[in-house]
Amino acid sequence: MSENGAAPSGRREGSGSRLTLKDFANHIKSSWCPGCGDFGVLAALKQALVKLGIAPHQAAVISGIGCGSKIVDYMRVNGFMTLHGRPLAVATGVKLANPDLHVIVVNGDGDAYGIGGNHFLHAARRNPDITHIVENNQIYALTKGQYSPTSDRGFKTSTSPDGAAESPVNPLLVALAAGATFIARSFAGEPKHLAEMIAAGIRHRGYALIDVLQPCVTFNKVNTYEWYAERIYRVDEDEGYDPADFARAWQTAGQWGDRIPVGIIYQRDDVPPYEEHVPALKAGAVVHRPFDALDEERFAALKREFM
Amino acid sequence: MTDLSITIGGDAGQGVESSGATLSLAAMRSGWYVFSIQDYRSRIRGGHNFYQIRIASRAVRSHSDPVHLLLALTKESVDIHRDNLAPGAGVLYDDSLKVDEGPVKEQGCLLFPMPLTEIAERHGNRVMTNTAAVAAGAGVLGLSLERLKSVVEGRFAAKGPRVVEANLRVADDAYRMAVERFRGAFRYALHGASPPLSTRDPGGNGGETLLISGNEAFALGAAAGGCRFVSAYPMTPATTIFEWLVRKEKELGIVTKHAEDEIAAVCMAIGAGYAGARALVPTSGGGFSLMVEALGMAGMTEVPVVIVDVQRGGPSTGLPTRTEQGDLLFVLHASQGEFPRIVLAPGTHEEYFEAGWRSFTLAERYQCPVIVLADQFLAASLCTLPSEALSFDAVVRDRGELLDHAALDKLEPGQYRRYRITSSGISPRALPGHPNAVYTVVTDEHDEEGHITEAIENRVQQMSKRMRKLEHARQEMRGPKRYGPEDADLTLICWGSAVGPVVESLPLLEKEGVRANALHFTDIWPFPADQARRALEGARRTVAVEQNYTGQFAKLLRMCTGHEVSHGVHKFDGRPFSPQQIASACLEEVASHV
Amino acid sequence: MDADIVKRVQEKVEGLTSAEAAHLVQSVMQSIARVLDRADRERLARSLPPELATHLHTDMEAADPLVDEQLFVGPIVSRLPTEGLYDQTLGGLDVLSVPAGDEATRRLRAVFSVLKELLQEPEKRRLEAALPGDVAEWYQQA
C-alpha cells in the first residue's frame with residue numbers, strides 16, 4: 001500500500017483522485033444538535049479521505065458509542081459502530097486481519113480516555129497503523145450532560161454538582177508517555193486544519209492520535225467555539241518547532257488553559273507499525289489467504305508432533 | 001485385559017507434569033492406550049502435585065482408581081497416596097527419602113527403593129533425577145526401553161546432544177536396575193509385546209497413534225478449519241490453545257494477538273471476523289465474563305466469532321487449575337437482550353477436535369457467535385487416539401452465504417443490503433473492501449442497509465430475521481448419543497467432558513446388577529429438543545451426572561423438553577469424576593429413592 | 001460596539017439585552033471571517049463601521065471551505081439556552097437544541113438584515129456568494 005492510499009491491486013482501485021465529497025455522502029439525516037462540533041469532524045474526515053484518494057470501500061471507520069460515534073451512520077464508508085470504549089480493539093482486529101484497509105477510529109473523550117483508557121494506552125505503545133480521532137468535548141453529551149475524563153476541575157454537571165474534583169486527563173501527555181508515534185490536536189471549528197491533521201495522521205505509518213477540541217453547543221457552555229478560538233495557537237507558527245523533539249513536545253503537550261497548542265505536537269517516523277512485526281502478515285492480509293493453504297499433507301505433519 | 005493406574009507425586013516445582021508426560025508418551029509408543037491427567041485428588045496439602053496415568057489394552061477416557069504403581073518424588077507422596085494403592089501395588093522412590101515403610105508393607109504393597117539421585121549424578125546431574133524415576137518406572141512396568149529412549153531423546157533434543165546423551169545414560173541405567181531388582185516381584189508388570197495399537201515405529205502395522213491433550217486437539221481442529229486470527233489474554237486452563245496456535249503462526253499464517261485484556265481480545269476477534277478472518281478467542285469463565293458485552297455485539301452485528309470457554313472451578317477466581325461444568329447456563333444467557341448463539345460442549349478429544357473446525361463453519365453459516373464449552377479436565381488430559389480419529393477428510397470449511405468478489409462485481413453500486421430480510425434469516429454477507437458493498441454495521445437496531453433506526457416495523461422484522469437463524473441452525477444440531485444398551489433400568493444423562501467417566505461407569509453398574517445406559521449431549525444450543533425427547537422416550541429412571549452444584553443441564557433439559565430427571569449426581573470439588581465415583585453415587589441415589 | 005447597530009439588532013430580536021445583542025453580532029462577524037479569504041475580508045471590513053470590522057480579524061489567510069451552516073451557527077447556539085429541565089425519564093437534562101437551532105437561525109437573520117442595511121450592493125452580493133449552504137439562503141431572506 002502506498003502512503004497516499006493508492007491501490008496496489010485491482011481490489012483496492014477506487015475512484016482515486018477523481019473522488020469528491022459526494023462519494024462519501026449518504027441519505028441519513030444527522031441527529032446531532034444544530035451547530036455541533038461533530039459536523040466539523042465529519043466534514044474534515046471526508047475531506048481528508050478525498051484529498052488522499054482513499055475511496056469509501058478502502059477505508060474502515062470504526063467508532064464507539066457517543067454522539068460523535070454516530071459519524072459512521074452519516075457517511076458512506078465501511079463503518080462499524082461498536083461498543084462504548086472498544087473501537088480501538090475492534091479496529092486493531094480489522095487492521096490485523098486486513099491491513100489493506102485504511103483503519104480510522106472515531107470516538108469521544110469518555111469513550112477514548114475513560115472507559116476505553118486501557119485500549120488507548122496499549123494502542124499508543126503498540127503502534128498499529130490506525131488513525132485515532134477523538135472528539136473531545138469535555139462532556140458526556142449522549143447521556144445528556146455529565147462530566148467527562150477531560151472536564152476541567154470545578155466543572156459543574158448533573159454528576160458533579162459541586163464541580164469536578166478530579167484533574168482532567170491530558171490525552172497528549174498520556175499518549176506521549178505511552179509511546180505514541182504521532183500526536184496532534186486540532187479544533188472542530190477549523191475543519192480545514194482538522195482535515196490536514198487527519199490526513200497527516202492517515203499518512204503516518206503507525207498509531208496517530210488526533211485530539212479534537214470539539215464544542216458541545218448544548219451541554220458545555222464553558223468550552224465553546226469562542227473559548228477554544230481565543231486560546232488555541234498553532235505550534236507550527238514557531239518555525240523552530242520540531243515535532244521530533246520529545247522534550248519540547250512534552251512541554252507543549254502539557255499546556256492547557258490560557259494557551260492551547262494545536263497542530264502536530266509530536267511525530268517520529270522510525271518505529272515500524274505493529275503489523276510489520278506480525279509474521280502471518282508477511283504474505284499479505286490473512287483474509288485473502290485461501291483455506292487450502294492447509295492441505296492434507298501439512299495437516300499430517302502437524303499431527304506428527306503428537307506421535 | 002490390562003488396565004493400570006500410575007501416579008507420579010511430588011512437590012510443585014519438581015517437574016511432575018513433564019515426568020508424567022514423558023511416561024505417558026513412552027507408554028503410548030510402547031503400544032498401549034493411555035489416558036493421563038495431572039492432579040485430580042482432593043486430599044492434598046498445599047504444594048503437592050501429582051500426575052495420574054492410566055495404561056490399558058483398550059481405549060480409556062478417564063482416570064481410574066486404585067493405583068498400581070506410585071512414583072514418589074517426595075516422602076509425603078507416599079503418605080498422601082498410600083490409601084489409594086491396590087493390593088500388591090508398588091511404591092518406587094529415591095532411596096535417600098525417609099519413606100515410612102511399615103504401613104506400606106502392612107497394606108501388602110511393595111517397596112521399590114532406587115538410587116535415583118545417585119544414577120542421575122553419576123551420568124549427569126541432579127536435575128536428571130526425574131529421568132531416572134520415569135525410566136525406573138518404565139522398567140518396573142515393562143515398557144519398551146527403546147521406545148522410552150526415543151521419547152527421552154525427543155524431549156531433550158532442544159537442549160543439545162550432551163544433555164540428550166546424559167539423560168539417555170541415566171534412563172538406560174535406571175531402567176535396567178529397576179528391571180533387575182523389582183520387575184519379577186511386581187504382579188502388575190505389563191506382559192508380552194501385545195500392543196493394541198500400532199505405532200509409527202516401522203515395526204508397527206501401518207496405522208499411527210497420537211497422544212494429544214484436549215486443548216491441542218481443539219487447536220489442531222481450529223487450524224484445520226481455517227482459523228486465521230486468534231486473540232487472547234492468558235488464562236488457565238485455556239492458555240495452551242493460544243500458545244499452540246502462536247507456535248504455528250508462521251507455519252500456518254494465523255495472526256495471533258496477545259491482547260491487553262479479555263475485552264480487547266474478543267473485540268479484536270470480532271473486528272477480524274468483520275473483516276473476514278475466521279477468528280477465535282480462547283478463555284476461561286472469568287475472561288468470558290469480561291467478554292459478555294461484546295458477545296451481544298457479535299450477535300447484533302451478525303459477525304461470526306468463536307469463543308472457547310475452558311471452564312474451571314468458579315465462582316470468581318475459584319479453583320484456577322481445577323475443573324467444573326459451572327458455566328453452562330451463564331454462557332447460554334450471557335449478554336443483554338436476545339440474539340442467536342450456538343453452544344457446543346464436546347466431550348471427547350475427538351469431539352473437541354471437531355468443535356475446532358465445526359464452530360467456524362457454524363459461526364459463518366449462521367453469522368453469529370459460537371461458544372465452545374470445554375473444561376480443565378478435557379483440556380488438560382492426554383489421550384491416545386488413532387491418527388485417523390482426527391481426520392482431515394472430515395473437516396468442513398463452509399463459509400455459508402458469503403458473497404465472493406465475482407458475485408459482488410455483478411451488483412449495482414448501492415444495491416447491496418447487509419441485513420436483507422430473508423426467509424432463513426441469513427443475509428448474504430459481503431466483506432469490507434469491495435466498491436459495490438460499502439455498508440455500515442452498528443450495534444444499535446438497524447435497517448437492512450445497517451443504518452440506525454428505532455422504527456417499530458423494522459425492529460420487528462430485523463429481530464425476527466436474526467432469531468430465525470436459530471431455528472435454521474437447530475436443524476443441524478445433534479441429539480444425544482447413546483452409550484450402552486438400548487433398554488436399561490437407569491439412564492445416565494451427561495454433557496461435555498463427563499462422558500468419559502460416565503461411560504466407564506456403565507459396566508461397573510452392570511456388575512452391581514443395575515442395567516444402565518448413558519445419553520451424552522454435545523450440541524447444547526439451540527437445544528435439540530426433539531431428538532432429546534425421542535431419546536428419553538424409553539428411559540425409566542434418569543440421573544443427570546454433572547460437574548456442578550445446581551444441576552444446570554437438568555434444568556435446561558426440563559426447560560426445553562419438560563423432562564424432569566429422577567436423580568442428580570453432582571461434583572463440584574474441582575476434581576473430575578472417576579467411573580467408580582459415578583457408579584457408587586448412582587447406586588446410592590437409586591437406593592435412597594427406591 | 002456601536003450602540004446603533006446593537007439597537008437595530010435588538011429591535012429585530014425581541015428580549016435581547018444589549019450585551020447579548022453585542023455578543024451575537026460579534027459571533028456572526030467571526031463566523032463570516034472564517035468563510036472569507038483575506039482579501040475579501042479586508043474589503044468587507046472597509047465597508048463596515050470599525051466596531052464591526054474589528055471582529056472580522058483572524059490570522060487565517062484563506063477561507064475555510066469546510067465551514068458549513070452548522071459550524072457557522074455553532075457559536076450562536078453555544079450562547080443559547082439548550083438545556084431543559086431534568087429529564088426524569090432518561091436522566092440528564094432535557095435537550096432544547098432544536099428550538100435553539102431555530103432561534104439561532106432567526107438571530108442570524110436579524111444580524112444579516114442589519115448588515116445588509118449597512119452594505120452597498122456589490123459587497124452584499126460578494127458576501128452572499130461566500131456564505132456556505134443554507135446560510136446564503138438565510139442571508140437572502142434577511
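# Interfaces and a sheet in a three-chain model

Q: What makes residue pairs across the interface of chain C and chain A count as polar contacts, and how many are there?
A: Across this interface the rule finds 13 residue pairs in polar contact, both residues being at pLDDT 80 or more. Each has a pair of N or O atoms within 3.5 Å, one able to donate a hydrogen and the other to accept it; residues adjacent in sequence would count only through side-chain atoms on both sides. The elements of chain C that give two or more residues to this side are helix H2 (18-34), helix H5 (69-78), strand E2 (93-95) and helix H6 (97-118). H5(C) has the largest share, 7 residues.

Q: What kind of model is this, and how are its parts numbered?
A: The model is predicted: local features need pLDDT of at least 70 and side-chain atom pairs pLDDT 80 or more, while totals for chains, interfaces and linings use all residues. Residues are numbered from 1 along each chain as its sequence is written, chains are lettered from A and ligands numbered from 1 in the order in which they are written, and side-chain values use heavy atoms, leaving out hydrogens and water.

Q: Why is the pair Arg79(C) and Glu226(A) called a salt bridge?
A: The closest N and O atoms of Arg79(C) and Glu226(A) are 3.5 Å apart. The rule asks for a side-chain nitrogen of Lys or Arg within 4 Å of a carboxyl oxygen of Asp or Glu, so the pair qualifies. The interface of chain C and chain A has 2 salt bridges.

Q: What makes Glu260(B) and Arg126(A) a salt bridge?
A: Their side chains meet at 2.6 Å, N to O, so they pass the same rule. Between chain B and chain A the count is 2 salt bridges.

Q: How much area do chain B and chain A bury between them?
A: They bury about 5,400 Å², 64% of it on carbon and sulfur atoms; this is accessible area (1.4 Å probe) lost on being put together, summed over both. The contact (heavy atoms within 4.5 Å) takes 74 residues from chain B and 55 residues from chain A.

Q: How do you know that strand E2 of chain A and E15(B) pair?
A: Strand E2 (residues 78-81) of chain A and E15(B) run parallel over 3 bridges; pairing needs at least two DSSP bridges, so they pair. Phe80(A) stands opposite Val441(B) in E15(B).

Q: Why do E16 and E21 of chain B stand at the edges of their sheet?
A: The open sheet has 5 strands in the order E16-E18-E17-E20-E21 (chain B), with mixed pairing. E16 (481-483) and E21 (567-570) each have a single partner strand, so one side of each lacks a neighbour in the sheet.

Key: Buried area is the accessible area (1.4 Å probe) that two parts lose on being put together, summed over both. Helices (H or I, at least four residues) and strands (E, at least two) are DSSP runs, numbered from the N terminus.
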